[in-house]
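Biologist: I would like to take a close look at a single part of this chain, and I am still new to reading structures. Could you walk me through one helix slowly, together with what surrounds it?

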Amino acid sequence: MLALYDEHARNLLGYFQSRTFSPETAADLCAETFATAIESHHNYRGELGEPGAWLWGIARNLLRGYQRSAVVEHRARQRLALRTPTAV
């Protein structure tokens with residue numbers, strides 16, 4: 001798993017940053033990607049592809065989940081007429 005981290009962590013972090021525009025969210029998603037991979041390593045089937053491709057699939061699924069929840073939260077704020085605070 002350490003070799004997989006060394007090979008992919010930097011690119012995954014960049015991938016998440018370019019899509020979320022938030023270093024904190026990108027770091028969280030990157031960490032969650034590796035946590036999910038560690039938790040589900042027993043599900044990895046090498047005959048279906050490289051471990052890197054499996055890891056990136058986890059990352060894409062986590063990003064989609066993040067984006068879906070962000071849309072839901074945004075719509076809820078709109079319905080309730082809540083303003084999102086901005087950093088000064």
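Modeller: What follows is a description of the helix α1 and its surroundings, beginning with the chain as a whole. Please keep in mind throughout that this is a predicted model.

The chain holds three helices and zero strands, and read along the sequence it follows the pattern α-α-α. Its radius of gyration is 16 Å, well over the 12 Å that the globule rule gives for 88 residues, so the chain is more spread out than a compact globule. Along the principal axes, the C-alpha trace spans about 50 × 25 × 20 Å, and 26% of the 88 residues count as buried.

Turning now to α1, we can compare its length with what a helix should give. At 1.5 Å a residue, its 19 residues should span 27 Å, and the C-alpha atoms at its ends lie 25 Å apart, which agrees. The helix nevertheless has a kink of about 50°, and this kink is centred on His8.

His8 is also one of the buried residues of α1, which are Leu4, His8, Ala9, Leu12, Tyr15, Phe16 and Thr20. An α-helix has 3.6 residues a turn, so residues three or four places apart point the same way. In this model, the buried residues of α1 pack against α2 and α3.

That packing leads us to the largest nonpolar core, which has 15 residues, and in which Leu12, Phe16, Phe34 and Leu55 have the most contacts. The elements that give two or more residues to this core are α1 (2–20), α2 (23–39) and α3 (51–79). Leu55 shows how such contacts are made: leaving out residues up to four places away in sequence, it touches Leu4, His8, Leu12, Thr33, Phe34 and Ala37. In general, nonpolar side chains tend to be buried together in soluble globular proteins.

At the far end of the helix, Thr20 is buried, and Thr20 is in contact with Thr25, a residue of helix α2. Thr25 itself counts as buried because its relative accessibility is 17%, below the 20% cut-off. Apart from neighbours within four places in sequence, Thr25 is in contact with Tyr66 as well as with Thr20.

Just after α1 comes Phe21, which is found in the loop between α1 and α2. Although it is not a glycine, Phe21 has a positive phi of about 60°, whereas most residues other than glycine have a negative phi. Phe21 is exposed, with a relative accessible area of 72%.

Notes
Residues are numbered from 1 along each chain as its sequence is written. This is a predicted model: local features need pLDDT of at least 70, side-chain atom pairs count only at pLDDT 80 or more; totals for chains, interfaces and linings use all residues. Side-chain values use heavy atoms; hydrogens and water are left out. A nonpolar core is a set of buried Ala, Val, Leu, Ile, Met, Phe, Trp, Tyr and Cys residues joined through side-chain atoms within 4.5 Å. Buried means under 20% relative accessible area, exposed over 50%, partly exposed in between (1.4 Å probe, protein chains only). Helices (H or I, at least four residues) and strands (E, at least two) are DSSP runs, numbered from the N terminus. Contact means heavy atoms within 4.5 Å. The expected span of a helix is 1.5 Å times one less than its number of residues. The bend at a residue is the angle between axes fitted to the seven residues ending there and the seven starting there. The radius of gyration is taken over C-alpha atoms; the globule rule is 2.2 Å times the number of residues to the power 0.38.
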